[in-house]
Each structure stands twice: as structure tokens, then as C-alpha cells.
Amino acid sequence: MAFAYPDQPIKIIVTFPPGGSADIVIRALQPVLAEDLRQSIVVENRAGAGGNIGIGAVAQAAPDGYTLGVAAAGVLTVNPHLNRAAMSFDPVKDLAPVTMLAEIPFVLVASQQSGFASVADVVAAAKARPAELSIGHGGNGTAMHLTSALFNQKAGVRVQLVAYRGTAPATVDVLAGHIPLAVLDIPASRQLIRDGKLKALGVSAAKPVVFLPDVPPLSERGLGGFESVGWFGIVAPAATPPDIVKRLNAAFVKALKDPAAIEKIRLLGAEPAPSSAEAFAQFIQSESAKWGKLIADAGIKSE
């Protein structure tokens, strides 16, 4: 296999519309990949059903390294616990992980009207008057929803979680003080935090993030072990030969270290996260176990 691969264009199915984070990341990597693999890289956007349609097509493709997919946390580790019946494939059995691409951390913010200055303030208020508090997030089953639910779990509180249709409306409402708290992605909130219009209480990653270096992780603010990030990576059909997976992994890891690509990815509020295929497979399994338990414990349902 290795002697001939690749001898034709490689198609990458992106499970989001053009212009989204995953799409921009792949297009940033495209020229570096094409040069390294000496083949053209064709990007095909196939959105819908929370990633199930696009990754379902990857799972059913010939396992020859010529059809890959960009799979996000939702389709690999959340959808199976929310609505397994709607999936035409098993993320563990039908896909071969190649590498993680990028992580997107979130930030817990408070409106200026709320008066909250710290995570401890929120937890104290949630224990004293839980019915009065709410956290807005970007939609049911999204990584921001799960981050909000993880806050409740780690803090031992039951703050009401309010689903919005995306980050933008949640940002508008927390800015106006209609809701006291929100979990937002960093590109939507970074300037508002810098301008003092929103109070950042903590980031959802396990360590400080380059985009908000002065904001501590929630795990360092009394919520031990708190880690929740949006992420996406490259997958191939399950029976893809190991030498092809290895070749693809090397090409993507190299591309993710390209300075121009890193700059474009960081502009999105994402952090390049190249990994070995084995490490990505282990990460998917651990994330699936974590979110499966949280979904069951919190009684989260799909829309």
C-alpha cells in the first residue's frame, strides 16, 4: 500500500457548513497537506443531523485513505448517548481515528448586572437561591450545554440551564443582563471581556488558554477536575490500513505545526492539538465515558 499511496485526490468531508470553525481549520491546512502528500485535497461540506450524515458517509466509504472526515466531539462522544437510534454507524467500531486537529475552550461569564465576581460567589448564590439563577448556552446537546451541566455537577448545584440557538443570542442576553451567567465560546466573548462588559469567571480548559491568559481555569476555582472543550479531529473508515493511517497522521501533524496554519486556527479561538492516532482513540473513549455519565446523571435529552 505504502508505495502507491496517495495516487489520487483525497476527499475530506466536513460536517459543518462553509465558514464554520472546522471548515476554516481544514482549509488552513489544505495547502500544507497537498504539498506534503503531493495530491490535491478536496473539501466537501456535508452538514446536518449533528454530524451524523457526513461521518456516516465516511464510515461507509472504501477504507483506502481517499475519504476522510472531520468529526467533532458531538458526533463521536455525545450523539451516541443522546440518540443512538438516529446514527447509521458506531463511532468506535466503524471509524479509525487519525489525529486530533484542534480544541476550542469555553469561558463562563457573568453579566455586570449580576454582581458576581468569582465562581465562589456563583456557587454560594446557587446554594442559597437556586431558582433565581440560570446559565445560558448555545443549544441542547452542544459542548457549551455539557460544559454548563458539568458546572452543576462539579459545584454540586442545580442552576437552571437555558438553551439558545447558538452563541450569539446567548451573548446578547447575558450582555443585557437578561440572564446572569453564560458559557460562551471565546471568539464571541473575548472583546467584551477585555472591554469590561462581561466578567470572565473561568475557562473550561484544564490549563490557562492563550486567548484569555489572565482568566484562570474553573478547575483552579474550586471545581477540581473540571475540563470541557469543544474539539474535532480526522477520522477514516475503520478498516483503513495502518500504514495509510500512519502516513495521514504524519501529514496532518506536520500541517498543524505550520506557522501560517497555526495563526489562522488561533484567530478562531481554537488551539491546534495534533496527536498520535492511538492517543486520539484513547481520548475519544475517555470523553465518551465522561459525557455518557453526565448525560445520564443530568437527564439530558436530545431536542
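Which residue of S10 does Glu-103 stand opposite? Keep that one in mind; point 6 gets there.

1. **What you are looking at.** This is a predicted model, where local features need pLDDT of at least 70 and side-chain atom pairs count only at pLDDT 80 or more, while totals for chains, interfaces and linings use all residues. Residues are numbered from 1 along each chain as its sequence is written, and side-chain values use heavy atoms, with hydrogens and water left out.

2. **Overall build.** The protein chain has 10 helices and 10 strands. Here helices (H or I, at least four residues) and strands (E, at least two) are DSSP runs, numbered from the N terminus. Its C-alpha trace spans about 65 × 40 × 30 Å along the principal axes. The radius of gyration is 20 Å, which agrees with the value near 19 Å for a compact globule of 303 residues. That radius is taken over C-alpha atoms, and the globule rule is 2.2 Å times the number of residues to the power 0.38.

3. **Inside and outside.** Of the 303 residues, 54% count as buried. Buried means under 20% relative accessible area, with exposed over 50% and partly exposed in between (1.4 Å probe, protein chains only). The chain exposes about 12900 Å², and carbon and sulfur atoms supply 54% of that area. Such areas come from the Shrake-Rupley method with a 1.4 Å probe; for residues, only the protein chains shown count as cover. Now for contacts, meaning heavy atoms within 4.5 Å. Take those between residues at least 6 apart in sequence: 77% join residues at least 24 apart.

4. **A covered helix.** Have a look at helix H2, residues 52–60: 7 of its 9 residues are buried. Among them are Asn-52, Gly-54 and Ile-55. What does the covering? The cover over the buried residues of H2 includes strands S1 (10–14), S3 (67–72), S4 (95–111) and S9 (229–237), plus helix H3 (73–82).

5. **Strand S9.** This one is mostly covered too, with 9 of its 9 residues buried. S9 pairs with S3 in the antiparallel sense over 4 bridges; strands count as paired if DSSP finds at least two bridges between them. One bridge puts Val-70 together with Ile-234 of S9. S9 also runs antiparallel to S4, and 9 bridges join these two. Along that pairing, Ala-96 stands opposite Ala-236 and Met-100 stands opposite Gly-233.

6. **Strand S4 and its other partners.** S4 is largely enclosed by the rest of the structure, because 16 of its 17 residues are buried. Besides S9, follow S4 to S10 (residues 271–272), an antiparallel pairing over 2 bridges. Here is the reply to the opening: Glu-103 stands opposite Glu-271 in S10. S7 (residues 181–185) is joined to S4 by 5 bridges, again antiparallel, and Phe-106 has Asp-185 as its bridge partner there. S8 (residues 198–203) pairs with S4 in the antiparallel sense over 5 bridges, with Lys-199 as the partner of Ala-110.

7. **One residue to check.** Is Ser-111 buried or exposed? Ser-111, found in strand S4, counts as buried because its relative accessibility is 2%. Leaving aside residues up to four places away in sequence, Ser-111 touches Val-174, Gly-177, Ile-179, Pro-180 and Leu-198. Try finding those five in the viewer.
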